[in-house]
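Me: I'm new to reading protein models and would like a close look at one part. Could you walk me through the nonpolar core and the aromatic rings in it, then add whatever helps me get my bearings elsewhere?

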Amino acid sequence: MASSSATRGIYRSKQVSMPANSLPLLARRCGAWAAEVSLIVASALIPFSVGLYAQSHLPAKSVPLNPVLANVEAAVAKTLIIPMRLPYRQVSPLTNLLWTGALVTPLLVAGGQIYLLAKTGKTLPKRWFGLQVVTAAGDPPGFKRALLREGVGKWGILLGVAYTIWRFSGAVPDLGILTGLAGLMLLADAVSARFNPQRQTFHDRLARTFILDAEGSVPKFQRFDAPRFGQSGASAGLNDEDEDATIAALVLTPETRWRRSGILNWIRQNPGVTLLIVTVTTLGSVLITFVGTQVYIQSQVNWRQGRQQDKETFLQLVNKFAPDQRRGAILAMGTLNQPDAQIQLLTDLLSLETEPQLMDAIGQALVTTGPKALPFLQRLNQSVRNDLESLRYGGNRQERQQVALRLRTTQRAIARILTLYNEQIHAADLSRTNLAQTTSDSTQFTLVLDKTDLSRIQFRGAILTNASFQESRFYGAGEDRLFGTFDDKIADLSGADLKEANFTGALLSQVLMNGTSLIRANLNKANLSRAHLKNANLSSAQLTGANLGQAVLTNASLTGASLGDANLAGANLQRARLSQVKAVGTNFQWANLTQTEWQQADLSGADLRQSNLQNADLSSTRLVGANLAGAQLQSANFRNADLSEADLREAKLAGADFQGVTFVAIVPATPDQFVQAMPAGASSIYLQGVDFSLVKNLNVKQLTYICAQGALHPKCAVSNR
């Protein structure tokens, strides 16, 4: 079929002369692209950072996080296979406003750049770098071409290809690889312009636009005859400089006509075969529909018959609840397929039962029903707990004993279900459940869930005193079986009472434990990296060898805790209370320790390099051999602290109080007599070059020693003269 002739032309600008000292076109295009991206990122990052500061430093009434923000966070996390990282679910009104702005402003900035590109061919960064986007006719691209160029060509297709490679090549969830792939795709798109006569990238060819050097307004263009096929630029009247300055392209606008489909021609040529195919297809569809309908009807009949039989059996068992038949009927009821009705009846019976043996039978029947009994048991546990609390102020001993037995029955049933059906529990809410240890002979109970996967369980506000969770997992991978992604399973222990609980070797990474009581708990060698322990109470807790890297422990209490050889690198312990802690050899590198309290703590050999100890109270602290190199110690209180052999090189000491500080080990003159005497010839390289100029309360003996070690102080220069 004939098509209309194509219009071919090359357009050259009269104003395309490039200054000799300007950057190459490719470099300026990359610079403009980087500036455009930076503007969009900054428009989101600035309000988000200000909102984060307002949340942390400006106390205000909390409100729920904007649902739009929560939904966007969930969508982004699911797309990029990353955890949901917004640090708060309850935020201040100002933070809500600023974070909403952080979502809206990038859209406004990007929309404004698209508008400028469509109307003038220049975004702000392109104007800065002397670039302009035009069509073959020298006009601005317009909205359609601008959206096609930027939204589809530059970002949609290129990043889509990078994401597809990353998602299905096994590189997830490493965002570094995704960033690298995206950068390679964008770089390849930019470099492709070097191999195009008109210096067009892929997104330029897709939108049929061109980019050129421009100053001021859109230049006027002059049309030249296009060179014939196979004719070089020089023979066509264009030299190399003209060819580099040319921004026009071959413009083809062929008319297209509808062509009749080949299927229709085939049908006209083969009517008999077509009729046979239609007939067979119709009969097959009718047969399949009929068979499927019969199968569905029969399955529904069988299901109704099964349900009716279960109901009849259920009623027969209920009628057998005579005193001599109740135990067997209760145990049989747990095997029926009437979950809601039977579990509700069993829990109601348990709430009224007074005989211990029948209570045990009801508990076993509830265990038989499996994980679906957990919500019923949780509610009954809370109810019985309240009854037991109220009976402390009244009621006789027998009544209190019966209620305590009911509570123990719910506790045992919950523990057995968590143990026996662990793999079948997808999510369970045991918030405010009482699973505390009971030592009474008649109601003895201790929760033991060692080496158990509890990552799907919520224990908010639960009572779990003296429970054993040795080597148990409270953090696990989701359905994608990858750690550090959006669907990770993270237990919530916020506000729980875990006094003297045993978490030896447990995996508690990223677990929520805000406000949790862990007094005297055993957390030796536990993994608490990135855990949230804000306002938690870890007084006298055992944390030897524990990993608390990047954990959040703001306002937490660790008084008297054992932190020997623990890792708290990068942890946030702002305003934490660490009096009398034993932290020998503990790693505090880069930790935020501002306004912390360390009175009488033992930090011998601790690694505090680059940590922030501003305004910290380290009075009477033992810091023998501690590494404080590069630490921020402004306004810290070191009164009566022992800094023997402590490394203070490059530490910032402005305003620190060194009254009574010991810089060198005190040795006795004789074995039976303590005499404060400095060892002869004692020297230390850890004070060389340390600036004590702004330190407070140094006495003459301290000044003499630090000056002898090469420290800096105005009085050192006087003494040297």
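Reply: Here is a walk through the core and its rings, followed by a few other spots in the chain. Keep in mind that this is a predicted model.

Let's start with the core. The largest nonpolar core has 117 residues, and the ones that touch the most other members are Phe-588, Trp-598, Phe-638, Phe-658, Phe-663 and Phe-692. Which elements give two or more residues to this core? They are α12 (339-352), α13 (356-369), α14, α15 (397-420) and α16 (700-708). Of these, α15 gives the most, with eight residues.

Now zoom in on Phe-588. Leaving aside residues up to four places away in sequence, Phe-588 touches quite a list, including Leu-563, Leu-568, Ala-583, Leu-593 and Trp-598. Charged names turn up among its contacts too: Asp-607 and Arg-609 are both there. Apart from the core of 117 residues lies another one, made of nine residues, among them Leu-25, Ala-32, Leu-117 and Val-133.

On to the rings. The model has 13 aromatic pairs. Take Phe-469 and Phe-474: their ring centres are 5.5 Å apart and their planes meet at 75°, so this pair counts as edge-to-face. Phe-469 is buried, with a relative accessible area of 1%, and Phe-474 is buried with a value of 1% as well. Phe-658 and Phe-663 are arranged another way: they are stacked, with 5.8 Å from centre to centre and 10° between the planes. Both of these are buried. Phe-658 and Phe-663 also belong to one aromatic cluster with Phe-638, Phe-692 and Tyr-705.

A ring can have a charge for company, too. The charged end of Arg-379 sits over the ring of Phe-376, 5.0 Å from the ring centre. Helix α14 covers residues 374-390, and Pro-375 lies in it. Is Pro-375 buried or exposed? Pro-375 is partly exposed, because its relative accessible area is 36%, in between the cut-offs of 20% and 50%. Its C-alpha atom is 10.0 Å from that of Ile-343, which is 32 residues away along the chain.

Remember Val-133 from the core of nine residues? Val-133 is part of strand β4 (residues 131-134), where Leu-131 and Val-133 point one way, Gln-132 and Val-134 point the other way, and all are buried. That fits a general pattern: side chains in a regular strand alternate between the two faces of the sheet. Strand β4 runs antiparallel to β5 (residues 210-213), and four bridges join them. One partner to look for is Leu-212 in β5, which is bridged to Gln-132.

Next, a helix. Ser-43 lies in α1 (residues 25-57) and is buried, because its relative accessible area of 13% is under 20%. Its side chain reaches the backbone oxygen of Ile-40 at 2.6 Å. Further along the sequence, Ser-43 touches Thr-105, Pro-106 and Val-109.

Last stop: two glutamines with positive phi. Gln-510 has a phi near 65°, although it is not a glycine, and Gln-610 has a positive phi of about 60°. Gln-510 lies in the loop between β10 (489-490) and α16, and Gln-610 is placed in the loop between β10 and α16 too. Gln-510 is buried, with a relative accessible area of 17%, whereas Gln-610 is partly exposed at 33%.

Notes
Residues numbered from 1 in each chain as written. Predicted model: local features only at pLDDT ≥ 70, side-chain atom pairs only at ≥ 80, totals over all residues. Heavy atoms only, no water. Phe/Tyr/Trp six-rings, centres within 6.5 Å; stacked < 30°, edge-to-face > 60°. Buried < 20%, exposed > 50% of the residue type's maximum accessible area, 1.4 Å probe, protein only. Lys NZ or Arg CZ within 6 Å of the ring centre and 35° of its normal. Pairing = 2+ DSSP bridges. Polar contact = N/O pair within 3.5 Å; in protein donor to acceptor, adjacent residues only side chain to side chain. Contact = heavy atoms within 4.5 Å. Core = buried A, V, L, I, M, F, W, Y, C linked by side-chain atoms within 4.5 Å.
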